[in-house]
Amino acid sequence: MYTRNQLDSSRQSAARTFDLRAIAEGSNGRLVTSANRACRVTVKIIQATDLKKQPLAQDAIGPSFRVRVEDTTHKSREIKDSVDADGALRVVQTFTFDVKDPESAQLIVQVYGKGLLGYDKLIGTCEHMAVKLFLEENDGFSEAEGKWYDLYTKDGKKKVPGKILMNIVAGIAEPEQKIRLFVGTWNVGNSRPPLDLSAWIPMTTAYEIVAIGTQECDYPPRLPFTECGKDWLETLRHHVGRRYRVIHYTSRGQMRLVVFVRDDAEKAISDVDSGSQATGVGHVMANKGGVCIAFKFWDTGLCFVNCHFAAHVGHCETRNSNYREIAGQLRVGPHSMDILNQFHHVFWIGDLNYRLDFGSEDERTLAPQRSIWDKMVKQILDGEYKELLHYDELRKEKTASRVLHGFKEGEIQFPPTFKMQRESTNMYDQKRMPAWCDRVLWRTLQGCHVKLLSYTYCSQILTSDHKPVSATFGLTAYALPSSNSGVSNDSDDKRWHVRFTSLRAKNLRASDINGFSDPYLSFIGPNLVQRFHSKVKYQTLNPVWNPLKELPTLVLNIFPLKRLEKEYLMVQVRDHDSRSADYTLGYTAIPLASAVIAFNKGPLETATFRVELLHHGLPAGTLEGGMKLTWERNVIKRRSRIARELIARTLSLRDILRRTVSK
């Protein structure tokens with residue numbers, strides 16, 4: 001049994017604290033005021049050669065790699081049989097670590113192979129490498145070709161067969177970094193492109209990020225290549241120059257997407273992921289759909305989506321449907337969230353195929369009438385773009401929130417990019433009505449900002465019936481203090497919590513046959529210690545949750561207040577179904593910046609928020625309410641301890657009763 005003093009001490013320890021000075025002096029408090037600059041190590045294993053199992057020196061079967069820095073270990077994904085003509089195993093996998101103590105951190109790389117019973121067996125390990133040496137040697141720069149590292153026995157005393165080609169880069173970030181991006185899209189028209197792309201992609205190192213998306217990119221490759229994809233990637237790599245590294249390259253059918261990073265910014269890249277989504281009947285036609293690449297630049301999430309929508313006049317709704325399929329089903333990062341609510345900035349590019357709709361059935365034929373075509377081409381040559389853009393399908397559909405809701409586009413001050421006569425700079429093909437098919441748009445989370453620097457086309461590329469389009473952007477990338485380094489395991493385990501003071505949703509989608517839903521909220525993401533759920537509200541499209549009885553207290557997995565200012569709560573609104581899997585009604589992200597501001601003002605302040613829900617990229621209602629940020633003992637552990645104490649006291653009382661009865 002607890003004494004009164006023990007109970008008073010327990011209540012005081014669990015109490016919420018609003019004084020930053022008092023917080024800093026308590027459990028985990030030093031992490032709250034931490035402003036340590038982020039240090040990151042990126043290890044790219046390019047290939048390995050002559051891997052042998054000891055002691056018989058047999059070829060290693062099913063090799064895998066483990067890379068460790070401090071207390072974090074990453075294991076390679078499955079490596080398919082990709083041995084080149086020289087017998088080298090192609091790996092091309094990247095591992096990224098946020099380092100807590102650069103002065104003492106060691107980098108350890110090990111190679112394993114499958115043993116007789118299928119268990120991993122150590123083949124060899126590279127010499128342990130001090131992270132600080134990489135910081136001193138290259139200050140964020142690395143050789144593009146990488147460096148070969150020998151393998152040794154586990155104790156490091158004896159060299160064993162095998163070498164690993166790795167590119168290792170380390171760097172310490174500035175808290176804020178202004179970066180520039182070049183984003184380009186081009187329908188190649190399945191014709192071999194020119195080697196000189198400088199009219200479209202400038203040969204400069206002014207951009208930290210260069211992202212290039214192409215459609216109908218399936219042409220006869222140039223020697224020595226036998227595949228179009230390899231030829232195109234090498235064409236781009238050669239064009240942008242040696243100072244740029246490939247972050248990732250992905251393709252699906254004739255759609256291709258590649259993102260480069262300038263060498264001095266390579267240290268900022270982590271969490272690289274990619275995905276694709278086919279559209280249309282059966283989702284099997286690989287020439288239409290979308291591909292994407294996502295990653296973090298320090299702690300700022302970027303996602304690039306390259307699309308090719310359905311063609312031809314009169315198919316506007318099909319194009320809208322293509323967008324909904326991609327926005328709703330393409331998955332990268334946490335697969336329980338859509339791509340539009342988990343990255344700070346999303347860039348949507350491609351041949352979207354939207355046409356000019358004059359509202360006349362005569363113009364919905366495949367080939368336009370000559371008189372109409374002549375009139376339109378004259379307007380284009382006279383520079384009357386604004387007049388023609390009144391009929392642009394994409395603008396009409398965006399205004400009606402039927403496609404690309406929440407995305408922005410720069411002012412179009414260039415002529416339609418389709419349908420051009422090949423080998424011509426400004427002549428249109430009469431087989432189709434001219435249209436602005438090729439577009440670049442962007443979307444940001446609430447509280448984030450992007451500045452459009454330019455939006456234009458390139459008339460000098462002549463090999464396709466489309467002209468390339470490009471846009472350049474400026475934004476601020478943030479490197480935030482480490483989220484949980486040095487977390488205390490003491491009994492107090494003080495942490496940040498989010499407590500809702502009110503919460504309601506409006507105008508949710510109906511998922512039941514009776515026109516209602518049974519909604520509940522699911523809070524997810526790496527900044528929470530676990531997934532949290534609200535109570536279900538039955539038969540309503542406008543639920544209101546009681547904050548004391550029906551909403552969870554969210555326990556955060558991050559500590560520095562500077563980091564909290566830039567964090568978001570990822571939320572799913574789900575429909576409860578007792579007979580089948582629950583259905584998603586919408587996604588959103590709630591910024592925590594206002595909660596931090598309210599906390600700094602005092603304990604009586606409450607942060608209010610209102611965010612829009614999206615489902616398949618379109619409006620699906622709103623979520624609004626109030627919340628407080630509190631610093632207190634981990635409520636999950638506290639409840640577990642209380643439950644254990646109640647069980648122990650119950651058992652103790654039962655034993656006392658038994659002894660009493662037996663007497």
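This passage describes the overall make-up, two groups of paired strands, two buried residues and one cavity of a predicted model.

The model is a prediction, in which local features need pLDDT of at least 70 and side-chain atom pairs count only at pLDDT 80 or more, whereas totals for chains, interfaces and linings use all residues. Residues are numbered from 1 along each chain as its sequence is written, and side-chain values use heavy atoms, with hydrogens and water left out.

The secondary structure comprises twelve helices and 31 strands, where helices (H or I, at least four residues) and strands (E, at least two) are DSSP runs numbered from the N terminus. Of the 663 residues in the protein, 52% are buried, a term that denotes under 20% relative accessible area, with exposed meaning over 50% and partly exposed lying in between (1.4 Å probe, protein chains only). Among contacts (heavy atoms within 4.5 Å) between residues at least 6 apart in sequence, 70% join residues at least 24 apart.

An open sheet of six strands follows the order 14-15-13-12-22-21 with mixed pairing, two strands being paired if DSSP finds at least two bridges between them. Strand 14 (244-252) and strand 21 (451-457) stand at the edges with a single partner strand each, so that one side of each has no neighbour in the sheet. On average, neighbouring strands of this sheet are turned by 15° against each other, direction ignored. Within the sheet order, strand 12 (residues 176-187) and strand 22 (residues 469-478) are joined in the antiparallel sense by ten bridges, and Arg180 has Gly474 of strand 22 as its bridge partner. Helix 5 (residues 228-240) packs on the sheet, where it touches strand 12, strand 13 (209-215), strand 14 and strand 15 (255-262), and its direction makes about 30° with that of strand 15; axes are lines fitted to C-alpha atoms, for helices over the stretch in contact, and angles run from 0 to 180 degrees between N-to-C directions.

Strand 23 (residues 494-506) pairs in the antiparallel sense with strand 31 over twelve bridges, and Phe500 has Met627 of strand 31 as its bridge partner. Strand 23 also runs antiparallel to strand 27 (residues 554-555), to which two bridges join it, with Leu554 as the partner of Val498. A further antiparallel pairing over two bridges links strand 23 to strand 26 (residues 544-545), in which Trp545 is the bridge partner of Leu503.

Leu302, located in strand 18 (residues 300-308), is buried, with a relative accessible area of 0%. Not counting residues up to four places away in sequence, Leu302 touches nine residues' worth of listed partners, including Leu181, Phe295, His345 and Leu475. The C-alpha atoms of Leu302 and Ala477 are 9.8 Å apart in space, although the two residues are 175 residues apart in sequence. Asn320, in helix 6 (residues 316-329), is likewise buried, at a relative accessible area of 0%, and, leaving aside its neighbours within four places in sequence, is in contact with Tyr354, Glu397, Arg402 and Val403.The structure holds three cavities of 30 Å³ or more, a cavity being a set of points on a 1 Å grid over the protein atoms alone where a 1.4 Å probe fits but cannot get out, with lining residues having an atom within 4 Å of a point. About 40 Å³ lies in the second largest cavity, volume being the space filled by probe spheres set on points joined across faces, edges and corners. Its lining has ten residues, with Ala598, Phe599, Glu605, Lys628 and Leu629 nearest its centre; helix 11 (593-601) and strand 31 (618-633) each give two or more residues to this lining.

Methods: On a 1 Å grid over the protein atoms alone, a cavity is a set of points where a 1.4 Å probe fits but cannot get out, and a pocket is an open set with protein on both sides within 12 Å along at least five of seven lines; lining residues have an atom within 4 Å of a point.
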